[in-house]
Amino acid sequence: MESKKGIAMITQKQIRAWIPPAVETFKKYYPLPEDPPYRIINEYPDNPRSIMFTTPANEIFIVRSQVDYSKSSPRKCQQLFNHHYWHELGHVVSKIDSPKMSAIFWSEFASEVMSLKICKAENNTPMAVDLQALLDQSVNMEEFDPYALAHYFAGSLLNKNIYYEIIDGKTYKATIDPVISNLIANIKETLGHLIDPPGFWKITDEDLCLLENELIEIKAMMRIRRLTPDLQIPLP
Ligand SMILES: [Zn+2]
């Protein structure tokens, strides 16, 4: 269905129809624990192009995403949906029962890696994301944002060609503290080794602790920078 401007009008019915093939494709690559009811929990009656879906792996864990696919061709919209939906299904597989920051970070990172790996294998164009902006959001704001940092690493390790560095028509360059920048490079190296083996999402306790320490270091350095912005910290 096309609107006046040639932009696809994606309906909830259409989005619902994309779910079963997306689940089937996901299962070609990763083990879903069972066949949970991947049901739509809220259909946003006021906005026919948005939908909220849930992928409950069990009683405790529910993933929700609101998606609005209305700005592109139907094929492109389905590809964006797949990217998002595979990410959410990735959480079902990669969730770790732990309150650790690294457990949250890891599930976010692993889910995005899983989705981007399927995108690559299935020739499904993922959503383009600004890596510099993600980095800025991760470590240059008041609070450390492990979610944004997880997406930054997933994108920079797997999807460099798609993730662009333009925002609002301008080239965007985040200025990162050199010490924090080094810590980020260390984590990237750690993660680069972790994403290749089969079953990579099952991270060991040892690696999780290593990640935890590295993330805590970034957080601590952000705090030091906030408290003493003029302090010159020499490069390691
Ligand atoms: Zn996520």
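This passage describes the fold, the nonpolar core and selected residues of a predicted model.

The protein has seven helices and five strands. Along the sequence, these elements follow the pattern α-β-β-β-α-α-α-α-β-β-α-α. Of the 236 residues, 30% count as buried. Contacts between residues at least 6 apart in sequence were also examined; 65% of them join residues at least 24 apart.

Confidence varies along the chain. The average pLDDT is 77, and 68% of the residues score at least 70. Among the elements, α3 has the highest mean pLDDT, at 95. Strand β4 (residues 166–167) has the lowest, at 40. Two stretches fall below 50. One is residues 1–7, which has six contacts in the model beyond near neighbours in sequence. The other is residues 165–170, with eleven such contacts.

The largest nonpolar core has 41 residues. Trp 86, Phe 105, Phe 109, Met 114 and Phe 153 have the most contacts inside this core. At least two core residues come from each of α1 (12–29), α2 (74–94), α3 (101–121), α4 (131–139), α5 (146–158), α6 (178–194) and α7 (205–227). Helix α3 gives the most, with nine residues. The core also draws on both assigned domains: at least three residues come from domain 1 (1–95) and at least three from domain 2 (127–236). Phe 109 touches Ala 150, Phe 153, Ala 154 and Leu 191, with residues up to four places away in sequence left out of the count.

Helix α3 has 21 residues. From its first C-alpha to its last, α3 reaches 30 Å, close to the 30 Å expected at 1.5 Å a residue. The helix is mostly covered, with 15 of its 21 residues buried. Lys 117 is found in α3. This lysine counts as partly exposed because it has 19 C-beta neighbours inside 10 Å, and burial requires 20 or more. Beyond residues up to four places away in sequence, Lys 117 touches Tyr 29 and Leu 158. Lys 117 and Trp 86 are 31 residues apart in sequence; their C-alpha atoms are 9.9 Å apart in space.

Asn 123 comes just after α3, in the loop between α3 and α4. Its phi is positive, at about 55°, although Asn 123 is not a glycine. Asn 123 is exposed because only 7 other C-beta atoms lie within 10 Å, where the limit for exposure is 12 or fewer.

Helices α4 and α5 follow. In α4, the buried residues are Leu 131, Leu 134, Leu 135, Asp 136, Ser 138 and Val 139. Their cover includes α5, α6 and α7. Asn 140 lies in the loop between α4 and α5. This asparagine is partly exposed, since 16 other C-beta atoms lie within 10 Å. In sequence, Asn 140 and Thr 175 are 35 residues apart, yet the C-alpha to C-alpha distance is 8.3 Å.

Helix α5 has 13 residues and reaches 18 Å from first C-alpha to last. That span is close to the 18 Å expected at 1.5 Å a residue. Pro 146, Leu 149, Ala 150, His 151, Tyr 152, Phe 153, Ala 154 and Gly 155 are buried in α5. The buried residues of α5 pack against α3, α4, α6 and α7. Three of the contacts listed above for Phe 109 belong here: Ala 150, Phe 153 and Ala 154 are among the buried residues of α5. Phe 153 is also one of the residues with the most contacts inside the core.

Ser 181 is placed in helix α6. This serine counts as partly exposed because it has 15 C-beta neighbours inside 10 Å. Ser 181 and Ile 218 are separated by 37 residues in sequence and by 9.1 Å in space, C-alpha to C-alpha.

In summary, seven helices each supply at least two residues of the 41-residue core. Helix α3 contributes nine of them and also has the highest mean pLDDT among the elements.

How values were computed. Residues numbered from 1 in each chain as written. Predicted model: local features only at pLDDT ≥ 70, side-chain atom pairs only at ≥ 80, totals over all residues. Core = buried A, V, L, I, M, F, W, Y, C linked by C-beta atoms within 7 Å. Helix = DSSP H or I, 4+ residues; strand = E, 2+ residues; numbered from the N terminus. Domains from an automatic or database assignment. Contact = placed C-beta atoms within 7 Å. pLDDT = per-residue confidence, 0-100. Expected span 1.5 Å × (residues − 1).
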